[in-house]
Amino acid sequence: MYLNTHTYYSFRYGTMKPVELLAEAKKCGVTKFALTDINSTSACLNFTRLAPDYNIEPVLGIDFRNGAQQQFIGIAKNNEGFKELNDFLSAYLHAGKKIPDTAPPLKNAYIIYPFSKFKGQSLQKNEFIGIHPLELTRLKFSDKTTDKSKLVILQTVTFRHKRDFNAHRLLRAIDTNTLLSKLSKYEEGKENDVMFSQNKLLSLYNAFPEIIENTQKLLESCSISFAFGPENPPKNKKIFTASEKEDFRLLQQLCREGITYRYPNTDEKILLRVQKELEVIQQKNFVSYFLINWDIVSYARRKGYFYVGRGSGANSIVAYLLRITDVDPIELDLYFERFINLYRKSPPDFDIDFSWKDRDDITRYIFNRFPNVALLATYNTFQFKAVVHELGKVFGLPKHEIDLLSNGKYDYNKLDHLSKLVIKYGKLIHGFPNHLSIHAGGILISEKPIHYYTATSLPPKGYATTQFDMIIAEDIGLYKFDILSQRGLGKIKDAIDIIHKNNPESKPIDIHDIKKFKEDKRVKHLLKNALAIGCFYVESPAMRMLLKKLEVEHYLGLVAASSVIRPGVARSGMMREYILRFRYPERRKEAHPVLLNIMPETFGVMVYQEDVIKVAHYFAGLSLSEADVLRRGMSGKFRSRKEFDLVRDKFFANCRQKQYNNKLAIEVWKQIESFAGYAFAKGHSASYAVESFQSLYLKAYYPREFMVAVINNFGGFYRTEFYVHEARMWGANIHAPCVNKSKLQTTIYGKDIYLGFMLLHGLEANTATSILTERTKNGIFIDFNNFLERVSISLEQIRILIRIDAFNFTKINKKELLWEAHFKIANHEKRTQQMELFRVKPKNFTIPKLLESKYEDAFDQMELLGFSLYNPFMLLVNYPENNLSASHLPKYLGKIVTVWGYLVAMKITRTIKNDTMFFGTFLDQQGTFIDTTHFPDVAKNYPFKGRGVYAITGKVVEEFDFYSLEVIRMLKEPIIEDPRYSEKKLPLIKQLVDEFYISPPVN
């Protein structure tokens, strides 16, 4: 009898999870009711999937509202009616228009107008008037309707109890950005919007039996049905060409063409693998899925876009032949069953990375190329700190009290009543969905129109976006295409262009000649010595440490390292065990013979995600289907915890049957459990390693050009400052932005790198554009006056350029230029270009000689670039007492030393006891990296205090030839006062920048 119920997917209004609403209905003896969230279908499919577990027949609808103002309710008679409602809602969400007062004609849906909104108009066959219990008395005396057949029960359900109602009011106050005390009654529901028992609800309408009968008939005429679960066929686009047969013929033809391209010397092993894959792909109805991916990457190649195909699909030879991936599964012996098997219900994962500059065009192409396309949504949920902050505002607490509660620095027992309410309801609302967001790269291409499953919104990206997430999509059989972006590919593409421009006589680089890169001596040198700053996936401090410990210099070693570095492997202790077995062959004998036989390449250590399937299948005797349940369950991608528990129990039962030692079985299970959700598939790691080798090759032969590309793509682990530093370490001369040399992006001329205007804080885009346009049109600027004559610029903007030394070519003191600018542009908001035939020469002024210092330059650079181009150690009040660097650490192994380091990065982590500790990365006085470990006591007593130079005292330790400091004491060194505002006498500059940076080019 309930036609208007809400879950918390009525964003910032509802308070119940779908399961809580169903549980409430079961408790009240309700066996059939309609879910009608406000302008939302986010909960509909999951509600339908879960309802049978509560012996409830689901009905779906939408509560159409403008804000909190109810216009009408739509109830779907069937699946076609659900689509009609979704079509209608989506049209208004896309246009950003208000919901109208009346609904359009709908063949397969009912419309219910609230009695309070009904004006006495004639109603269509499918339209009704909803009567709330409190409106029954008014109904007796109303002359709006005499047709009793049009009246139905309208008891709205939003809450279970007073606490839900309180949370609802808080959500409404957050949504309207108002104090709770000033929240309008029109913005909130009624406290009695709760679910009554079936008998109680009927008793309220005893005097109006026709209303009860009408409601029953309406509900009984509604039926919704969706097929859930992996046993049902996918709902993705089924046919790529005109028929399934034609699709398969095209896939076979593409494979034949791909064999010629990929394997000039084909053998029987390759042909058998292709045939096996094609048979399974056809049997599983995944043919169109492969062809759509092929179509997408084919378009990318036609446009000259770089891409990397990865995910479990990278284990497929068919994907390799179709050039979806660049990973050879024969060379790498990639595990076919991880990619696909007859027990697998879902298509393989293809994560296709494009440059961040190209991804939007790929998305546009997909939406134009295929019908029934939508972006996949995610739910942005209320996080505890954020909701506490919002509730503090709603309750009118002062800012300092809100900050105290948000930071968690309080004694709950000492809080006042309002503060306790903030914490209480913060915990309740924490995890509620706040609003819809867009999945990082998920795109759905369905066989039927997407509105059969969900309404769609239109976020700023301008593409229809579902109202459910990836888990719900997979439940219904809609599997996403992952079209992702990364800056690593942008670096590679830009680097090739920059190399060509800076070295016009050099031979073109075939960036896809991976076999050449794998054997290149310079590349191996960079890899083995972890000189990979700027290179995709191998530049972080943790990866630099691992590469040095492993001394990796070949492709397969890097493939393993890419997965070994993942959190689960490291946490399980298997990363250390892998390093031991990698470096010391005699250690491999300790591996269990079955595990060593399953995983000989990684010495019996589980490194890749498919190792879970291998171990579960070959070691524990689980079927491939059960092994896949195990893999997906451990990565959080399962719906049935019960199914997962059964597979786990069978794992141990089979181990006992095979007479394995119980300790061994538990140890193997722990290894699986610790990393299955984090580890990469081998094909995925191999795809990453390909991109790493491409980056390494470019850096090995063109390090300065490569670093310019890294700077321009703003991509990587480190801040721009350290990529500028790295370029200098490789022999570049770094220059501040220059009006005659710089462009919007950073540029290189020979060995001279000029930072781009886009790095200058405060410089407006139109100013940079004006400079570049004028320079392109009429040549370089002769002097300062010439610049002022030709460029329209404000005093504020010219000051930025002068302070960053953009007129260095004039050889005029910056302070003198600033005075000149003030004289010549003062009192003018913006200097306009003189367009006369004969320009009037600017008046010259005699300015006294003004002194300037490198210290002032350094502070100007820090303000305008965010970092200084000078040696950071020269700004210290007290210069370092020694010049110890990373290269000296081996001499002091086991001893306590003090080094001075400029902070690069720090990583926070937790011990087993949940104490906070840190790993630090610093630049020493030679410009090389020093790594530090800060255990909990030290982390607490000597905390990091932001960017700057630190005096670090610690014990020199070594593991697998990797040297670092276990910190005992760390203090941040004070820097001189800003000389631009200080009257103190400046110290002498002890060392200039050229002495700080030492270049280690590779020969």
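Reader: Is R172 buried or exposed?
Author: This is a predicted model, and burial is judged here by relative accessible area, with buried meaning under 20%. R172 has a relative accessibility of 3%. Because that value is under the cut-off, R172 counts as buried.

Reader: Which side chain meets that of R172 in a salt bridge?
Author: The N to O distance of the pair is 2.8 Å. R172 lies in helix α5, and its partner lies in the loop between α5 (162–176) and α6 (198–204), so the pair ties together parts that are 15 residues apart in sequence. The partner is partly exposed, with a relative accessible area of 26%. The side chain that meets R172 is that of E187.

Reader: Which helices does the salt bridge of E774 and R790 tie together?
Author: The side chains of E774 and R790 meet at 2.7 Å, N to O. E774 is buried, with a relative accessible area of 10%, and R790 is buried at 9%. E774 lies in residues 765–778 and R790 in residues 784–790, so the pair ties together helices α34 and α35.

Reader: How many residues apart in sequence are the parts that D101 and K117 tie together?
Author: The side chains of D101 and K117 form a salt bridge of 4.0 Å, N to O. D101 lies in the loop between α3 (79–95) and β5 (109–114), and K117 in the loop between β5 and β6 (127–131). D101 is exposed at 53% relative accessible area, whereas K117 is partly exposed at 23%. The parts that the pair ties together are 16 residues apart.

Reader: How many salt bridges does the structure hold?
Author: The pair of D101 and K117 is one example of a salt bridge. There is also a network that links R803, K814, D857, D860, E863, D978 and R980. For the structure, the number of salt bridges is 50.

Reader: Why is C44 not bonded to C222?
Author: A disulfide needs two cysteine sulfur atoms within 2.5 Å. C44 counts as buried, at 1% relative accessibility. The closest cysteine sulfur to that of C44 is in C222, and the pair is too far apart for a bond because the distance is 13 Å.

Reader: Why is strand β18 said to be largely enclosed by the rest of the structure?
Author: On one side of β18, F929, D931 and T933 are buried. On the other side, I930, T932 and H934 are buried. The strand is largely enclosed because the number of its residues that are buried is six of the six.

Reader: Which residue of β20 is the bridge partner of T932?
Author: Strand β18 pairs with β17 (residues 916–923) in the antiparallel sense over six bridges, and G920 stands opposite T932 there. With strand β20 (residues 962–972), β18 pairs in the parallel sense over two bridges. In β20, the partner of T932 is L965.

Reader: What is the distance between the C-alpha atoms of F468 and T41?
Author: F468 is in the loop between β11 (433–445) and α18 (470–476), and counts as buried at 1% relative accessibility. Leaving aside neighbours within four places in sequence, its contacts include S42, L45 and Y453. F468 and T41 are 427 residues apart along the chain, and their C-alpha atoms are separated by 7.7 Å.

Terms used:
Residues are numbered from 1 along each chain as its sequence is written. This is a predicted model: local features need pLDDT of at least 70, side-chain atom pairs count only at pLDDT 80 or more; totals for chains, interfaces and linings use all residues. Side-chain values use heavy atoms; hydrogens and water are left out. Helices (H or I, at least four residues) and strands (E, at least two) are DSSP runs, numbered from the N terminus. Buried means under 20% relative accessible area, exposed over 50%, partly exposed in between (1.4 Å probe, protein chains only). Contact means heavy atoms within 4.5 Å. Two strands pair if DSSP finds at least two bridges between them.
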